[in-house]
Amino acid sequence: MPEPQRTCPAGAVVATLEKPPAHLGDGASTARKPRGLWSDAWHDLRRNPVFVVSALVILFLLAIAAWPSLIASRNPLSCDLALAQEGARPGHPFGFNGQGCDVYTRTVHGARTSVVVGVLATLGVAVTGSVLGALAGFFGGAWDAVLSRIGDVFFGIPVVLGGLVLLSVVSGSTVWPVIGFMVLLGWPQISRIARGSVITVKQNDYVQAARALGASPARILLRHILPNAVAPVIVVATIALGTFIALEATLSYLGVGLKPPTVSWGIDISDASPYIRNSPHMLLWPAGALAVTVLAFIMLGDAVRDALDPKLR
Amino acid sequence: MLLEVRDLSVEFRTRDGIARAVNGVGFGVDAGETLAVLGESGSGKSVTAQAVMGILDTPPARISAGEVLFRGRDLLTLPEERRRGIRGAEMAMIFQDALSSLNPVLSVGAQLGEMFTVHRGMSRKRARAKAIELMDRVGIPAAEDRAGDYPHQFSGGMRQRVMIAMALALEPALIIADEPTTALDVTVQAQIMDLLAELRRELDTALILITHDLGVVADAADRIAVMYAGRIVETAPVRALYKAPAHPYTRGLLDSVPRLDRKGRELYAIKGLPPNPLRVPSGCAFHPRCPVARDICRTDEPPLFDAGEGRHSACHFWRETLDG
């Protein structure tokens, strides 16, 4: 093999340097601690007041969902009809509802239902939607066509109408039919986002590079594509959590969601609505708790989106 | 011969018809040799490289003909699983833009280590040690501290060093470098080319260097294959090609390089544009832009004529061109 030429036969201009010290002019910032996408996002989030406020609200909500008796030691199901529709009084800061139950106790205990339904429905939707969307985006072709069309079918069902039809046929008062219904109608939203995200990430050079260095399809999907494609799914799922809580209240209000004796904000709102003129407190407290909870999750989703979107940096 | 490509054709199905990106390309690379594939954007040089590596997206691409013989095996007929084992271990690839070729959410040490865990079944700990050793070898300072850093924390030159380390990790017999220095500034370019040359000599690795930069080629290659419109129009040893090209297209390329002894004069440019791959001109694809084209060029596609001294030219008038 001939030695590589150092002269340029046709007079081409080539800069050939004596081997320069490698650490000169080619170093990077070493002062900053190494951070990846996630720790960078966490670093941003901690300084964002929107995130701090919504996270505190959500932590409080999770705490009372787990241990409602911490701040409301009464039984939400023990009611005294003699006290029906009474206003606030010492020991009963929110007053009483139409059945004479303590509104404060019921509002606190209702958080658990909302959190359980919201979290489980979101998990179900996120897992189902991501898996199906990622498969559709990664493999493309017939897979993609079939999965996307099935998704479109469920996407096209109006939520309230679908709930009235599907949930009116199930009996029992557990949360499972409601969660199942939400997953059934909710997965296409996440699957579309996951699909789009996987298709975008799939075209990146590092996926091509991983293939060129001998990575298998499973490794490419799990190690190189999914970690880079998951951010938008997390954002949408966080926002969706708020809307699932609102949807549970809507369905319960319409009488097809949860049923008494389950304690739920939607049931309380439904029970209180006929008396809104005379006893607005019966409606305001559960409705207010619902509004704050939904808002907190939507704000959290917004903050997470801002932190995960590298284009905003 | 380490790698022999015979009559390779790749087409892309598009809405407007079939684009023949690579059309009957053939070349060979010996062990330890450097072949430069030269051509402008759209000449088919990257598609050829991807077809050889087996990372073309099919569809839309389709390899319609040809053989890619690597150590005597035809890669195109090998099952995908076997090819995957060859990629990275026996032949590897370096890409143009190292930032986008490295996974942004994995640390550099983890990505380098993956070569050893996937192909050699090493433990994570041993793979990490090997990764640091490699980073050290390609001249990344403080390799041990920097192995946990992410790609965006490295400079362009350092990232390309990481890519080179990944490609060389398993000491493959062949490396394909697709415009490895195009995204870098000139001084860093020279450092990277020197590094590549040094490691290649140590490991006796063959290199296919894909580039449009005549300067890079002059310095690094043993032989050159010039591509135009999906065909190889000239192959020759570097010295011979620079001294006297045997194809008008190569001559045009060489004449359009700025030269110190022609300072102040207008720079030559090949007139016209490269052909649309959907409508490649009849006969010799270069004839509409060629200063020596005659009637035969419009009708007859020139074969690759043997012009002696290891050179081949796909020009009906290679003799005249060679004599200037």
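1. Strand E7 of chain B is the starting point of this note on a predicted model. All five of its residues are buried: five of the five residues of E7(B) have that status, so the strand is largely enclosed by the rest of the structure. The burial extends to both faces, with B:Leu174, B:Ile176 and B:Asp178 on one side and B:Ile175 and B:Ala177 on the other. Such a division into two sets fits a general pattern, in which the side chains of a regular strand alternate between the two faces of the sheet.

2. The neighbours of this strand are E6(B) and E8(B). E6(B) pairs with E7(B) in the parallel sense, over four bridges, and B:Met91 has B:Leu174 as its bridge partner in E7(B). The pairing of E7(B) with E8(B) is also parallel, over five bridges. Here B:Leu174 stands opposite B:Ala206 in E8(B). The residue B:Leu174 therefore takes part in both pairings, with B:Met91 as partner and with B:Ala206 opposite, and B:Leu174 is itself buried.

3. The connection from E7(B) to E8(B) merits attention. Together with H8(B), these strands make a right-handed β-α-β unit. The loop between E7 and helix H8 (186-203) of chain B holds B:Glu179, whose phi is near 45°, a positive value in a residue other than glycine. B:Glu179 is partly exposed, with 19 other C-beta atoms within 10 Å. The loop between H8 and strand E8 (206-211) of chain B holds B:Asp204, where phi is near 55° and again positive in a residue other than glycine. B:Asp204 is exposed, with 12 other C-beta atoms within 10 Å.

4. The wider setting is an open sheet of eight strands in chain B, ordered E6-E7-E8-E3-E9-E10-E12-E11, with mixed pairing. Its edge strands, E6 (91-94) and E11 (305-308) of chain B, each pair on one side only. From one strand to the next the twist averages 20°. Helix H7 (residues 156-168) of chain B packs on this sheet and touches E6 and strand E7 (174-178) of chain B; the direction of the helix makes about 170° with that of E6(B). Elsewhere in the sheet, strand E10 (residues 231-237) and strand E12 (residues 311-313) of chain B run antiparallel and are joined by two bridges. B:Glu234 stands opposite B:Ser313 in E12(B).

5. Chain B also contains an open sheet of four strands, in the order E2-E1-E4-E5 and with antiparallel pairing. The edge strands are E2 (17-29) and E5 (73-74) of chain B, each pairing on one side only. Strand E1 (residues 3-14) of chain B is joined to E2(B) by nine bridges, and the two run antiparallel. They form a hairpin with two residues between them, and the bridge partner of B:Thr14 in E2(B) is B:Gly17. Strand E4 (residues 61-70) of chain B pairs with E5(B) in the antiparallel sense over two bridges; B:Phe70 stands opposite B:Arg73 in E5(B).

6. The largest nonpolar core has 178 residues. Those with the most contacts inside it include A:Met182 from chain A and, from chain B, B:Val162, B:Ile176 and B:Val217. The largest share of this core, 17 residues, comes from helix H8 (residues 217-253) of chain A. Leaving aside residues up to four places away in sequence, A:Met182 touches A:Ala121, A:Val125, A:Phe244 and A:Leu247. As a general tendency, nonpolar side chains in soluble globular proteins are buried together.

7. The confidence values should guide how the model is read. Chain B has a mean pLDDT of 84, and 100% of its residues reach 70 or more. Within chain B, confidence is lowest in helix H13 (residues 318-323), at a mean of 78, and highest in strand E9 (residues 223-228), at 90. Chain A averages 80, and 86% of its residues score at least 70. Over residues 1-32 of chain A the pLDDT is below 50, and this stretch has 57 contacts in the model beyond near neighbours in sequence. Where pLDDT is low, the predicted coordinates should not be read in detail. For the complex, the predictor gives an ipTM of 0.77 and a pTM of 0.73.

Terms used. Residues are numbered from 1 along each chain as its sequence is written. Chains are lettered from A and ligands numbered from 1 in the order in which they are written. Two strands pair if DSSP finds at least two bridges between them. pLDDT is the predictor's confidence in each residue, from 0 to 100. Two residues are in contact if their C-beta atoms, placed from the backbone, lie within 7 Å. Axes are lines fitted to C-alpha atoms, for helices over the stretch in contact, and angles run from 0 to 180 degrees between N-to-C directions. A nonpolar core is a set of buried Ala, Val, Leu, Ile, Met, Phe, Trp, Tyr and Cys residues joined through C-beta atoms within 7 Å. A residue is buried if 20 or more other C-beta atoms lie within 10 Å of its own, exposed if 12 or fewer, and partly exposed in between; C-beta atoms are placed from the backbone. A crossover is right-handed if, with the strands pointing away from the viewer, the path from the first strand over the helix to the second runs clockwise.
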